[in-house]
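Student: I would like to go through the empty spaces and the domain boundary of this protein. Can we take them one by one?

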Amino acid sequence: MNEGLYRLLGALGSPYSLKMRAVLRYRRLPFTWSSAREGLEAAQAMKAAVIPVLQYPDGTRRNDSTELIRDLEERHPGARTLTPEDPADAFLALLIEDFADEWLSKPMYHYRWTRELDQRVMARWLAWDYALGGGADTIAAIADGFRTRQVSRLRVVGSDETTSSAIEASAIRVLDILDRHVVERPFLFGDRPSVAEFALFGQMSQFQFDPTPNALARERFPYAYRWISFIDDLSGWERTAWRVSGSAPYPAITELLDEIGRLHLPFLMANAAAVAAGEREAEFRLPDGAVLRQPAARYQAKCLAVLQARFAALPPEAVARLAPMLESAGVLAPLTCP
Ligand SMILES: N[C@@H](CCC(=O)N[C@@H](CS)C(=O)NCC(=O)O)C(=O)O
């Protein structure tokens, strides 16, 4: 069974699972896709109990999409890798991936579990995926359980009445940036996708399903909305050119960097400081004055350390090109902070 193939153990309602599925499709690495129940059960056996879990052809299992993608780059080099050739662009792609994974996950989760409509609709979706039958009563009971658990975890992403508007505004700005970008070209670093597109896609993939962000995206950002399903299956995409090395980045990159400098990196810094001080909670003042509080997360402290290490390892000529852009977005100091 399944010999020689990757097996992706994830769920349709999981942004990171769809990120990874889109990567495997684009990379043309044959794989099978599990049911949500198998995915969640597989996660329980992992050190970090999160989906997706990727089972390798030799049977070993690993998780964490960022690490998995990097590992696949090494195992399967060639024309369909996701790392731009230019080291400066490769770094920007990584930074945007981290922003999507660790910041856009806040609006994604917030939209799903804040309003009554989204809670009700999406709890049933997830429950159906999990049960795959068994009758409407069974599914409704599972949905109730999911809903109660997930709503109670809104604080894990720092979502409450005071932070709600800033969290939603950040998703709206990203949709707006993409909506204006994709009418010019489909990708951020040339004629082929990088890790950045797949990470943005992962979180936003759920906007195709959740009623509130779905209505918002369809009405106000129709091209960004269309782009989401375009990224989902790029198995037939043939163009392989990265953009010309050293040319000015597209405006969308600079605009995303502004978001990263205003929200994502200050949040990662506050979290890393809380982790280092052994505090239970991280606090971060949002630009509108509200205070976002969430449990201090070791994983996200590691994310900041990885970004800093990758920046420190760049060749000086790439740093020289990036520094002015990063500086004006407020991104340079957090990246070079000891
Ligand atoms: N850093 C991980 C994050 C994965 C993650 O957070 N997955 C969520 C679902 S989208 C999860 O499994 N959460 C655990 C839970 O809900 O109990 C990755 O990139 O794969």
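Tutor: One term comes before the rest: helices (H or I, at least four residues) and strands (E, at least two) are DSSP runs, numbered from the N terminus. Note also that this is a predicted model.

Student: How is the protein divided in the domain assignment?

Tutor: The assignment gives two segments to one of the domains, 87–111 and 160–336, and these make up domain 2. The other entry is a single stretch, 6–75. The answer is domain 1 (6–75) and domain 2 (87–111 + 160–336).

Student: How far apart are the C-alpha centres of domain 1 and domain 2, and how many residues of each are in contact?

Tutor: The C-alpha centres lie 22 Å apart. Contact here means heavy atoms within 4.5 Å. On that basis, 28 residues of domain 2 are in contact with domain 1, whose own share is 19 residues.

Student: What area is buried between domain 1 and domain 2?

Tutor: The size of an interface is often given as the accessible area lost when the parts come together. Carbon and sulfur atoms give 49% of the area buried between domain 1 and domain 2. The total is about 1700 Å².

Student: How many salt bridges are there between domain 1 and domain 2?

Tutor: A salt bridge needs a side-chain nitrogen of Lys or Arg within 4 Å of a carboxyl oxygen of Asp or Glu. Between domain 1 and domain 2 the count is five.

Student: What is the N to O distance in the salt bridge of Lys19 and Asp101?

Tutor: The side chains of Lys19 and Asp101 meet in a salt bridge. The limit for such a pair is 4 Å. Their N to O distance is 2.8 Å.

Student: Where does the largest pocket lie with respect to domain 1 and domain 2?

Tutor: The largest pocket has a volume of about 1600 Å³. Its lining has 45 residues, with Tyr16, Ala49, Val50, Ile51 and Arg153 nearest the centre. Domain 1 and domain 2 both give residues to this lining, so the largest pocket lies between them.

Student: Which element gives the largest share of the lining of the largest pocket?

Tutor: Elements that give two or more residues include helix H1 (15–27), helix H5 (116–131), helix H6 (136–152) and strand S6 (291–295). By class, the lining divides into 23 nonpolar, 11 polar and 11 charged residues. The largest share is eight residues, and its source is H4.

Student: Which peptide bond is cis, with omega near 5°?

Tutor: Look at the loop between H2 and strand S3 (53–55), where Pro52 has its place. The residue on the other side of the bond is Ile51, and the cis bond runs from Ile51 to Pro52.

Student: Where does Arg28 lie?

Tutor: Phi of Arg28 is near 55°, a positive value in a residue other than glycine. Arg28 is in the loop between H1 and strand S2 (31–33).

Student: What is the volume of the second largest pocket, and which element gives the largest share of its lining?

Tutor: The second largest pocket has a volume of about 190 Å³. Of its 14 lining residues, Arg70, Glu73, Thr83, Leu94 and Arg310 lie nearest its centre. Domain 1 and domain 2 both contribute to the lining, so this pocket also lies between them. The largest share, five residues, comes from H3.

Student: Which element gives the largest share of the lining of the largest cavity?

Tutor: The largest cavity has a volume of about 140 Å³. Of the 13 residues that line the cavity, Thr66, Arg70, Asp98, Cys303 and Val306 are the closest to its centre. Helix H3 (65–75), helix H4 (87–114) and helix H12 (298–312) each supply at least two lining residues. The largest share, five residues, is from H12.

Student: How many charged residues are in the lining of the largest cavity, and how many in that of the second largest?

Tutor: The second largest cavity holds about 30 Å³ of space, and its lining includes Leu104, Gln203 and Phe207. The lining of the second largest cavity has six nonpolar, one polar and no charged residues. In the lining of the largest cavity, five are nonpolar, one is polar and the charged residues number seven.

Terms used. Residues are numbered from 1 along each chain as its sequence is written. This is a predicted model: local features need pLDDT of at least 70, side-chain atom pairs count only at pLDDT 80 or more; totals for chains, interfaces and linings use all residues. Side-chain values use heavy atoms; hydrogens and water are left out. On a 1 Å grid over the protein atoms alone, a cavity is a set of points where a 1.4 Å probe fits but cannot get out, and a pocket is an open set with protein on both sides within 12 Å along at least five of seven lines; lining residues have an atom within 4 Å of a point. Grid points are joined across faces, edges and corners, and a volume is the space filled by probe spheres set on the points. Ala, Val, Leu, Ile, Met, Phe, Trp, Tyr, Cys and Pro count as nonpolar, Asp, Glu, Lys and Arg as charged, and the others, Gly among them, as polar. Domain bounds come from an automatic or database domain assignment. Buried area is the accessible area (1.4 Å probe) that two parts lose on being put together, summed over both.
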